[in-house]
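Work through the following exercises with the sequence and the model side by side. Try each task yourself before reading its solution.

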Amino acid sequence: MIKVKLGNMKARLHFGLALGLMCLVSALALVISHRSVLAINGFSNNQELPLPPLAPIAGSGVSFIVRGLEPSVRVGPDGAVYVSSIRGVPGGVDLHRYYATLDGPSGAGGTYPFKYEGQPDNCGIFNAMQRGCANNSLDPLGVGLGGGDVDIAVNYPTSGTPNLALVSLTLAPGVTGTHSTTRGDSFSTPNPLVALIPGDDRQWIDGTDALTVYLNYHDAATFNIDVQRSNDGGQTYLNGFAEAIDPQTFPAVGGVPATNSANIAGQIKVDRSSCPSRGNLYQIFVAPDSVTENLTGGALRSIYVGVSTDVKLGLPAFTFTDTKVFSGPAGAQNQGAGNLFPALATDDFGFVYAAWSVNSDIFYSFSTDQGTTWSSPINVSFPVNGGHANLFPWIAADANGHVGIVWFGDDRAGNSNDRASLEPGHPPSQGAACNMGSTSCMTQWANWNVYYAESVNGHDAAPSFVRNVISDHIIHRGTISTGGLGGGADRSLADLFQIAFDPQHFANVAFSDDHLINTEVSGSDNGFDNPTSRRKIRANFTHQLLTTTAGPIVTTGSCASQPPPPPPGAEKITGGGQIASQTPGQTANFGFVANSNKPNASLSYHDDGATGGSMDVHSANTSVPSMTFSGNCATFRGDAKVNQKPGYAYTVNACDNADPGAGKDTFFISVTGPNNFSYSDGGPITSGNIQIHKQ
């Protein structure tokens, strides 16, 4: 089961299988065209991104109803717009692209003529044109190679076509990865094993340079947030490893023991500026405020951001240091800030921005020193939709302080999960008929729209925002669940939607919408205001047409401040390279970072020639590592996973004897674990370097 811990509710088989085994039908109705209406507040007409109505299961005579959920949107440096959405496990994911040079000019109301690019994750058991995905050689049993979650990332080469990476979540083994060098027209063979740890949930990716992509996901065993680096555009993620929750923070936010509240992981972001901060990694998450709250099922009421600066060394291992951004109240339903995903962005001058929901409000904070300290939170939603439910924020940033935030907001007081307040005249169960024989109770329900807040001075002491509704129709009625599978409210729109800026600094927004009845499938229409009617769920898209009224966008200025240096006496050792394997003639690979200041270490080690069989070792931040520095050497010890299994311990001794270090620097490792497991190896490194750093 794919899970997310939400408070002390652990079951969240992502929307895929829960709603994703969707509805089996045998009849196919006619497809109707999308009707666009007038643009609103400087944005294009909202347009539906079309999908096949049904996905036949080959030879069975039945089909799944296709839905478009949780759309991810990215805009490449060449202006190509990509939107990917999920059908739900095992239905796979869908991709749409708009690139003006190939796809033509925009249409009436600014709508884009998107090209449907199919299902890049190899579509599991579904494909209408190929009768059950006949070309799916990787998945002959038809259990699906994805569709539970999706995220996409674009790269930023100095020339040529930008790479597009895509990851999709499946039931097992975890994350499927693929990438395109043809703007989505073709993709590499999907790799269903890109995550080092099996049993994952809610992956995110971000890209930089020509082919570097970072992937994060939840490790189900510990609920740390694992981060991996790809140097091949997202086909594999084997070039770097870290855990984003540092060992000091882990007791308050981690999932050991399994009864802990744990955390919700937001997106990972890489700094693509031309400043000294370029290459920094940032990871946002929401979790309890303390160890006690974590152990006792407390609310996920605090926002944290992890920062990695040593990732820029390019070593096979790197570390994060976490900072608490905000601590809020638990809230009436013990939700705190755990209204699904917090969001993060970096701009072109190294400033960092965060947004999150407490269900009634959207909050915003920024850092001017690379994530070391954060501003007091600002309530972004209250001036435009105060006192109502506001949730699912997403944030984008570019230029110098240009920030855009989108979210869903309704038109009445009450928690988004409260059926009594938001769905009067209706029993508390999804799809049930209205009370008292009525067929139109939805006329009394809460109405939801898409909101947008934009600032051009997002890191000023008092940033200003212009706020507007940018949906040109009511996109949803009733409740919206923020409880994952543990919630009792409506999950028709799933858990998120996104915004991205294009090279002209205009906002591009993709969101799920279910305001229409699904007349493409027979038996769906019991009346527009009747909750028993089957709604049509599709990704919708709108983009900014007019220059912001927030003021001129600033594209010059000073970079974000440097974080304070480590205190005097702090020591650090880093290294990467190879040593002789336990099997003569073979080599073992290693990479590590160890810091004495706020003790932290990250280790990656792999020996295909281990006498007991191939061995993969990664450090685990389930306890604070110990370390000793002596002259040009250091010894550090900590918890480890061996071949993805926890419960092991490692000891490393490394010495910086020369520069370059091949043949002179030394690296020794020993690993112990269950059932008297023991491994050791070491000696002079055969390639690479080890470096001592002292303050």
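**Exercise 1.** Is Glu70 buried or exposed?

*Solution.* Start by locating the residue in this predicted model: Glu70 is found in strand 5, which covers residues 69–75. Next, take its relative accessible area, which is 0%, and compare this value with the cut-off, since a residue counts as buried under 20%. Glu70 is therefore buried, because its relative accessible area is 0%. Finally, look at where the side chain points: the side chain of Glu70 reaches the backbone nitrogen of Asp495 at a distance of 3.1 Å.

**Exercise 2.** Describe the chain as a whole, beginning with its secondary structure and ending with its surface.

*Solution.* First, the secondary structure consists of 6 helices and 41 strands. Second, of the 695 residues in the chain, 60% are buried. Third, if we take the contacts between residues at least 6 apart in sequence, 61% of them join residues at least 24 apart. Last, the chain exposes about 23,600 Å², and carbon and sulfur atoms supply 55% of that area.

**Exercise 3.** Decide where the coordinates call for caution.

*Solution.* Begin with the overall confidence: the mean pLDDT of the chain is 89, and 89% of the residues reach 70 or more. Then search for stretches of low confidence, among them residues 1–38, where pLDDT stays under 50 although the model has 132 contacts beyond four places in sequence for them. Over residues 124–144 pLDDT also stays under 50, and here the model has 51 such contacts beyond four places in sequence. Where pLDDT is low, predicted coordinates should not be read in detail.

Key:
Residues are numbered from 1 along each chain as its sequence is written. This is a predicted model: local features need pLDDT of at least 70, side-chain atom pairs count only at pLDDT 80 or more; totals for chains, interfaces and linings use all residues. Side-chain values use heavy atoms; hydrogens and water are left out. pLDDT is the predictor's confidence in each residue, from 0 to 100. Contact means heavy atoms within 4.5 Å. Helices (H or I, at least four residues) and strands (E, at least two) are DSSP runs, numbered from the N terminus. Buried means under 20% relative accessible area, exposed over 50%, partly exposed in between (1.4 Å probe, protein chains only). A polar contact is a pair of N or O atoms within 3.5 Å; within protein, one must be able to donate a hydrogen and the other to accept it, and residues adjacent in sequence count only if both atoms are side-chain atoms. Accessible areas come from the Shrake-Rupley method with a 1.4 Å probe; for residues, only the protein chains shown count as cover.
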